[in-house]
Amino acid sequence: MKNKTSTNISSKQKNVLFSKSNYKWSREEESDSFAQKVKLFRQGKLSEDDFRRFRLQHGAYGSRLQMNYSMVRIKIPSGEISPEQLEKIANLSEAFSIGSAHVSTRQNIQLHWVQLEDVSEVMRGLAEVGLTTREACGNTVRNVMCSHFAGVCPEEAFDATAYAKAIARFFIRNPMCQNLPRKFKINFGCCNKHGLVRIADIGLIPVIMDGERGFKIYLGGGLGAASFIGHLLEDFTPENKLLSTSMATIRLFDRHGNRENMARNRMRYLVHEMGWDKFQKMVLKERSIVQMTTAASTAKLFDIGAEETEQLPKTEHTMVKLPILKEQVTTTESPSYERWLHTNVVPQKHWGYFTVFVTLGAGDITANQLRVLAGTIRDFSVESAARNTPQQNLAIRFVKENDLNEFYNRLASVGLANPGALTIASAVGCSGTTSCNLAITNSHRLAKEVQHKFLELGFDTDDDLRDSTIKISGCPNSCGQHEIATIGFFGGASRIGTAMAPTYTMLFGGSAEEQGELGKAIMRVPAKRVIDTICRIVEIYKQEKSNTETLKQWINKIVRGEGTGNMKSIENIKTALTSFTHLPPVEQEPELYRDYGTDIKFNAKTARGECAA
Amino acid sequence: MCRLKVKLEDKNVDDSNNDNLLSIICTIDTLRTLIKKKLVRVVDVRKAEDYQQEHIPTAVSLPLAVLLEKDTPEGVVDILESLGISDKMPTVIYDDTFGALAARVAWTFQYVGHTNTALLEVTFSHWKNLGLETDKNINTFPKTQHSLNINYDIHADAPYVEMVKEQPNKILVDSRERLNFLTEHIPGAKNIPYTMVGSINNSSSILRKPEEIKRFIYNRGITSDSEVITYCGSVGTLSGLTYYALKLAGVKNVKLYSKSFREWKSLGKPKEEFKDANYWDLSAE
């Protein structure tokens with residue numbers, strides 16, 4: 001049966017349809033009710049616990065050690081966002097936040113340090129353009145992700161975007177998932193490489209079998225203090241069972257999930273403790289119950305065709321083969337443009353169209369940049385939308401070849417034309433100590449420092465490094481997705497004598513592809529030595545690699561203990577790096593006892609996390 | 001949208017007519033009418049060289065820096081007199097800095113007793129973009145008399161601000177941007193950044209609609225009966241804009257701490273700082 005599964009289709013598609021992002025996720029009245037609840041809370045008429053639960057259900061986290069401020073998480077279902085929405089976020093960030101917005105690793109856009117009393121105004125503004133923060137946090141179905149290549153990926157069976165949005169529409173505000181044991185994440189992929197399907201509670205890859213659309217569905221994956229890779233439910237789940245499978249899984253989690261132990265209440269623990277075979281049988285059984293008992297009127301709420309679609313106009317240009325790895329780029333007079341083409345632009349399955357990536361620093365973008373980007377999208381993207389990516393960048397699709405140069409110039413005018421989006425230089429960093437209660441280290445700044453250094457060193461132009469990734473979390477909880485990085489880091493603290501130093505645990509060999517594995521912890525590295533350590537690893541790799549081996553392949557080989565030459569195993573590389581990772585006493589190197597972004601002595605101050613509230 | 005109480009029925013009004021009172025914001029249409037009728041003094045507070053290139057017809061030049069050099073009640077009265085502004089002359093002020101410089105100058109005029117002062121609803125750039133008339137003449141008017149009648153109710157100094165902490169009915173508002181506020185501020189201050197009440201990107205008006213500002217400050221526990229003192233980083237420009245935003249929203253008792261945080265720090269007064277988070281690293285600037 002497996003052999004009949006197909007993920008390949010013609011690269012020259014005709015009659016391509018894409019959805020217009022016109023769905024209204026918001027409800028105006030939720031802004032008023034939030035404002036009222038804040039008043040009640042301030043007047044002492046609403047308990048702190050009740051208010052926290054309400055606040056999280058509406059997408060507002062408490063900020064680091066300052067509960068008068070919130071991080072407002074804007075859901076972008078499937079990652080698709082219109083220019084009008086980007087402009088609104090720009091205005092709101094200027095009025096109520098810090099003048100910059102932040103692209104998260106799960107296709108949300110976050111506004112940080114918003115005064116609690118202003119959150120309702122942010123929600124009101126978002127509602128004007130159809131966006132919501134509802135259930136962006138809390139114990140419910142979080143933002144439904146979809147690969148940013150969905151609809152343009154040459155390897156995909158079909159575009160999963162409409163399915164992702166239909167699932168998001170069905171579950172948002174749905175009574176069945178308002179009080180789950182814990183948060184619940186659903187990720188749609190395009191092919192077996194993109195979409196993070198193995199690290200979600202439900203991960204789905206579109207496939208076509210015998211002419212019928214359906215999915216390969218993975219259950220029980222997820223990253224965190226303890227991470228698991230999802231299990232394949234069955235070889236093929238036809239599209240007419242997408243809803244019932246999802247409902248069955250959520251119902252089981254709701255019924256059997258651990259509501260006692262906050263630290264072990266994600267569905268992946270349930271699957272792990274119960275055993276996959278048992279869980280799998282329960283899902284299949286529950287699914288048949290769901291199918292028999294779901295009212296037709298409920299099933300109708302799952303509507304894949306709810307959004308208007310538009311037909312893609314044919315391009316009149318002949319395509320010159322462009323920026324793919326190791327291919328000659330069409331030459332221009334500008335080396336920086338050429339570099340950008342090589343590292344930020346990929347051809348789509350549609351003849352003559354390209355997807356352009358906008359490189360952000362750990363996901364941050366200013367209000368002014370958002371406005372210029374919105375205008376550029378309107379002028380040059382035929383689908384007139386952006387998708388945010390788990391790499392904390394933005395992908396602008398359906399750009400014609402002849403427009404690439406002007407597109408670049410427009411981005412460059414506001415400092416958005418940095419190269420390296422699709423390379424090792426585009427380091428991911430969660431918000432860390434810039435705003436998160438749980439963070440121990442400033443992972444956010446470190447990711448920006450890594451990007452800056454790598455672009456300076458030209459790592460983005462080195463095709464041997466291109467498919468490697470660097471991902472950094474400020475604590476073990478994996479918002480920076482360090483376990484799916486080629487080289488990942490999570491923050492902690494090390495004590496030498498009485499002094500505390502910010503350090504990172506380094507992991508090797510993670511990947512989020514369908515066949516990927518989680519990274520293996522290697523050793524601790526002082527925060528201020530992380531960049532030097534990566535550079536040293538690259539040096540060793542260059543000395544040791546066999547001809548065509550990329551850094552990623554070389555690292556995976558070492559993790560498996562199949563390395564050659566001087567670097568056969570993890571132990572060899574640990575020995576080679578000891579001089580970089582050694583932490584001397586504070587008197588010798590005081591700099592190692594300070595984190596990025598501060599000149600005060602490091603202390604591992606944290607407060608209660610709200611993820612599990 | 002008409003926020004103006006000017007009565008133009010009487011064709012012969014002159015600047016001694018009491019009815020000829022401006023509201024906080026002067027609309028484009030009203031200003032153009034007043035200019036045609038020669039019933040207004042328009043004050044351009046941009047840099048002198050910008051004024052020399054072009055300006056709104058009949059406008060006189062008063063760069064903010066010039067005013068700040070003579071920023072005593074007597075000095076300001078001198079300025080008013082030299083610009084030909086007499087006690088009741090309707091005066092409309094504009095800038096090209098989203099209204100903040102104009103607001104500081106307007107507040108200063110009102111502080112020394114020139115109550116009939118308004119902010120133009122748009123910046124000069126916006127005026128230009130609308131294709132409205134400008135001129136290049138260096139306009140001067142005969143020196144007049146202006147009385148000095150200080151309005152102490154709209155001014156706050158450091159000792160006054162220092163007392164606010166013990167008085168829950170008084171609210172201190174910091175108008176700077178959020179990251180500056182988090183870094184350090186006067187103890188007890190609330191942060192209403194100028195970007196919240198101004199409409200920096202929506203250039204149809206320098207301030208948001210009154211009903212919006214009303215809602216924002218209501219959320220923050222500020223009512224029309226609250227006493228509010230505004231301040232910002234250096235000379236009271238951003239907080240000047242906030243001063244007028246609050247007035248527009250109907251707050252009766254607003255004061256400007258015109259010497260603001262710069263003076264506060266130089267006096268070695270206490271500050272609140274927040275060092276537990278690296279929030280600056282979230283900025284993409």
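Mentor: Let's begin with a term: a residue is buried when its relative accessible area is under 20%, exposed when it is over 50%, and partly exposed in between, using a 1.4 Å probe and protein chains only. Helices (H or I, at least four residues) and strands (E, at least two) are DSSP runs, numbered from the N terminus. This is a predicted model, in which local features need pLDDT of at least 70 and side-chain atom pairs count only at pLDDT 80 or more, while totals for chains, interfaces and linings use all residues. Residues are numbered from 1 along each chain as its sequence is written, chains are lettered from A and ligands numbered from 1 in the order in which they are written, and side-chain values use heavy atoms, with hydrogens and water left out.

Trainee: Then let me try a helix. How many residues of helix 3 of chain A are buried?

Mentor: In helix 3 of chain A, 10 of the 14 residues are buried, so the rest of the structure largely encloses this helix. Among the buried ones are Pro83(A), Leu86(A), Ile89(A), Leu92(A) and Phe96(A), and also Gln85(A) and Lys88(A). As a general idea, an α-helix has 3.6 residues a turn, so residues three or four places apart point the same way.

Trainee: What span does helix 3 of chain A reach from its first C-alpha to its last?

Mentor: The expected span of a helix is 1.5 Å times one less than its number of residues. Helix 3 of chain A, residues 83-96, reaches 20 Å, close to the 20 Å expected.

Trainee: Now the two chains. How many residues does the contact take from chain A and from chain B?

Mentor: Contact means heavy atoms within 4.5 Å. Chain A gives 39 residues and chain B gives 26 residues. For buried area, think of the accessible area (1.4 Å probe) that two parts lose on being put together, summed over both. Chains A and B bury about 2,700 Å² between them, with 52% of it on carbon and sulfur atoms. On the chain A side, Lys39(A), Ile98(A) and Trp113(A) lose the most area to chain B, together 18% of what that side buries.

Trainee: How many salt bridges does the rule find across the interface of chain A and chain B?

Mentor: Here is the general idea: side chains of opposite charge can pair when their charged atoms come close. The rule for a salt bridge asks for a side-chain nitrogen of Lys or Arg within 4 Å of a carboxyl oxygen of Asp or Glu. It finds 4 across the interface of chain A and chain B, and the structure holds 56 over all chains. Asp281(B) and Arg445(A) meet in a salt bridge at 2.8 Å, N to O. Asp281(B) lies in the segment after strand 11 of chain B and Arg445(A) in helix 13 of chain A, so this pair joins two chains. Asp281(B) is buried at 10% relative accessible area, whereas Arg445(A) is partly exposed at 24%. Another salt bridge pairs Arg215(B) with Glu121(A) at 2.7 Å, N to O.

Trainee: Which parts of chain B does the pair of Lys265(B) and Glu184(B) tie together?

Mentor: Their side chains meet in a salt bridge of 3.0 Å, N to O. Lys265(B) lies in helix 12 of chain B and Glu184(B) in strand 7 of chain B, so the pair ties together parts 81 residues apart in sequence. Lys265(B) is partly exposed at 38%, while Glu184(B) counts as buried at 15%. Salt bridges that share partners join these two with Lys271(B), Glu273(B) and Lys275(B) into one network.

Trainee: One last residue: is Arg387(A) buried or exposed?

Mentor: Arg387(A) counts as buried, at 2% relative accessibility, and its place is in strand 18 of chain A. A polar contact is a pair of N or O atoms within 3.5 Å; within protein, one must be able to donate a hydrogen and the other to accept it, and residues adjacent in sequence count only if both atoms are side-chain atoms. The side chains of Arg387(A) and Thr161(A) are joined by one of 3.0 Å. Leaving out residues up to four places away in sequence, Arg387(A) also touches others, including Glu80(A), Cys146(A), His148(A) and Asn393(A).
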